[in-house]
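Q: I am new to this structure and should like to learn how to read it. May we proceed feature by feature?

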Amino acid sequence: MRLMGNGGVRALLSRALVLATLETAWLCNASVNSDGDLEGLQDIGAEMDPESFLEGRVILLAQLLGLLVTFIGPTLTSGLLHEIWPHIAPEDRDFGMEQ
Amino acid sequence: MKKPRKTAGSALVETSHGNRAKVTIRKLSTGVRGLDEILGGGLPEFSLNLVGGAPGSGKTTLVHQFAFANATPERPAVYFTILGEPVIKMLRYQQQFSFYDEAKVGKSVRFINLSDLVLEKDLEAVLEEIIAQVTATNAGVVVMDSFRTLVRKAAGVVGELEVQAFVHRLSQFLTASEVTAILVGEYVQEEMPDNPLFTMVDGVFWLTQVTERNSIVRKLQVMKLRGQASVPGLHTISITADGLQAFSRTLGLDTVPTRPSRRKRLSIGIPDLDAMLGGGILEGDSVLVAGPSGTGKSALATQFIAEGLRQGEAGIMAIFEERPPSYTQRADGFGLKLSDAEKNGTLELLYLRPLDLSVDETMEAILDAIKRVGAKRLVIDSLVGFEMALAPGFRADFRESLYRMIGALTGAGITILSTVEVEDNFTSLQFSHYAISFLTDDIVRLRYVEIDGQLRKTMVVIKMRGGNHSKDIREYVITKKGVVVIHPRRTDYARLSTGIPKRTGPRKEQADETPPESKATA
């Protein structure tokens, strides 16, 4: 958020949501608000099988990270991810980079 | 009295002669090749600077280079983006440059988006956020891109005085925080007299981009820089895979060393021509070899370089017309093994013909090569080709830059042989239609002369600054050994210099020449 601003996050997350919905139809009930936050997920989750709900969210996150890799490359994306979730091991956020 | 302290890792206060303390302003490298030299050593530490110019002129790239060059984990560079190019795109494009160190992003180089704050809050809130971020990160470098957008948005809401007060407080805070800052904006030069921002900042740098005929000419000008002497004027800049590169209009050669009073003579590799030159070219001279096409200018230039190599003097051949393979092939034909010298690093053949170079870039390539091989001899073949290789917009600067380069190189003891093509008109002897004769110490003129039903070649030394020379017009041929002067001067013809001489002596019987004239085989 600090890097891209609300507008940047909103645009990227909206695109990721569109792409994730192609794989997981129920995500069409979620939306991105003007602050760049996801809305509607909790309501959907309450009525869903937890495993399918988790899978949908993983797909959404994968799409978001995929977009970042497309735009700014794997190294920077990995760096951003490390800032947010420092506990994730480097090998789990290599995005196909050659070691 | 308080003792002066050391801050930001540099000695800021010096005492000279025990009674006068003078602050030393440390200069930060801009990370832009050639720019530090233009600025007089770099960007003054803790200064507030403005980079202005039209979109596409290289502003963002320049400040990225500065940020990456100076950012450390302890004193990071904070790059505030304000309603300009989206950060994701900026990161996408800037990482293509070689200076972009991905490992620095996040820790040493931090990007902070102020767009939402600028849109939603007032200048006070923006300043508070800047102060909070700079303080929290202990930033040593701050970039605000685009500052103009911020000011423009604010000016629509508050008065000019409030904007000025904001800039003043920002400037005070950044300096007190030991921050070197650059504000970036799409300003135009005409705004300078009326915009108080230009008075408040310590340095103003303009980047311009002009289309001239079919080429783009990018220039940089230091409009203002407090506390140090920068190189005045417009300097060429280019954007390559390494980012921005600047070429000082003085080529870093503004001080011309004085030539020693006693200089040795260098052989040109043609004994008879050496004799005509009074024993050879004076070391550090600039020699112009002028003549029409096919008279052997390139052959003569090759012999000059090859002789230098034989004497242990490294050389550079900057060639603009022929390609290097044909050059080395001809040299091989003359028995001059240029390829061996190329392999052992005592000779470089620079083929410079990309048609869109600036004169400064070309000069820089030549100067770099001279430094690389430690050259004592330089050939420029030819000046006409050199000028044609430049982008049209740069041709106006050609003679001025050439003058500076030749002056500085010859002053440093490098001997230069340049060729220039002139047209024979058979009524007079042109030295060069190309008004560069003033650049040269010595001129050797080659020309065709009609003698006994043949178009033969003659040479004459027109001028030799600092030495006497032969006045003889000598005939020469191009053989397997290169240019070879034949026959003593002719006394049986008058008006040889016109190309159509008049016989004044008896005609000697002579056999037909078969084959007409042997030439070097490629």
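Q: Is B:Asp452 buried or exposed?

A: A residue is buried if 20 or more other C-beta atoms, placed from the backbone, lie within 10 Å of its own, exposed if 12 or fewer, and partly exposed in between. B:Asp452 has 11 other C-beta atoms within 10 Å and is therefore exposed. This is a predicted model, in which local features need pLDDT of at least 70 and side-chain atom pairs count only at pLDDT 80 or more, while totals for chains, interfaces and linings use all residues. Residues are numbered from 1 along each chain as its sequence is written, and chains are lettered from A and ligands numbered from 1 in the order in which they are written.

Q: Where is B:Asp452 found, and what is its phi?

A: Helices (H or I, at least four residues) and strands (E, at least two) are DSSP runs, numbered from the N terminus. B:Asp452 sits in the loop between strand E21 (442-451) and strand E22 (454-464) of chain B. Its phi is near 50°, a positive value in a residue other than glycine.

Q: Is B:Phe46 buried or exposed?

A: B:Phe46 counts as buried, because 21 C-beta neighbours fall inside 10 Å. Its phi is also positive, near 70°, in a residue other than glycine. B:Phe46 belongs to the loop between strand E4 (43-44) and strand E5 (48-53) of chain B.

Q: Which residues does a cis peptide bond join?

A: One such bond joins B:Asp145 and B:Ser146, with omega about 10°. B:Ser146 is placed in the loop between strand E8 (141-145) and helix H6 (147-155) of chain B. Another joins B:Asp381 and B:Ser382, with omega about 5°. B:Ser382 lies in the loop between strand E19 (377-381) and helix H14 (383-389) of chain B.

Q: How should one read the packing of helix H5 against helix H7 of chain B?

A: Axes are lines fitted to C-alpha atoms, for helices over the stretch in contact, and angles run from 0 to 180 degrees between N-to-C directions. The axes of H5 (residues 123-137) and H7 (residues 160-176) of chain B come within 11 Å and cross at roughly 10°. H5(B) and H7(B) are therefore roughly parallel to each other, a term for angles under 35 degrees. Residues are in contact if their C-beta atoms, placed from the backbone, lie within 7 Å. Here H5(B) contributes B:Leu123, B:Leu127, B:Ile130 and B:Ile131, and H7(B) contributes B:Glu162, B:Phe166, B:Arg169, B:Leu170 and B:Phe173.

Q: What is a nonpolar core, and which residues touch the most other members of the largest one?

A: In soluble globular proteins, nonpolar side chains tend to be buried together. A nonpolar core is a set of buried Ala, Val, Leu, Ile, Met, Phe, Trp, Tyr and Cys residues joined through C-beta atoms within 7 Å. The largest core has 79 residues, of which B:Ala67, B:Ala77, B:Phe80, B:Val141, B:Val142 and B:Val143 touch the most other members. Apart from it lies another core, of 75 residues, including B:Leu273 and B:Ile478.

Q: How many residues of helix H10 of chain B are buried?

A: Of the 14 residues in H10(B), 13 are buried, and the helix is mostly covered. Across chain B, buried residues make up 44% of the 522 residues.

Q: How many residues does each chain give to the contact of chains A and B?

A: Chain B gives 14 residues and chain A gives 14 residues. Helix H3(B) supplies four residues, the largest share of the side of chain B that touches chain A.

Technical notes. Contact = placed C-beta atoms within 7 Å. Parallel < 35°, antiparallel > 145°, perpendicular 65-115°, else oblique.
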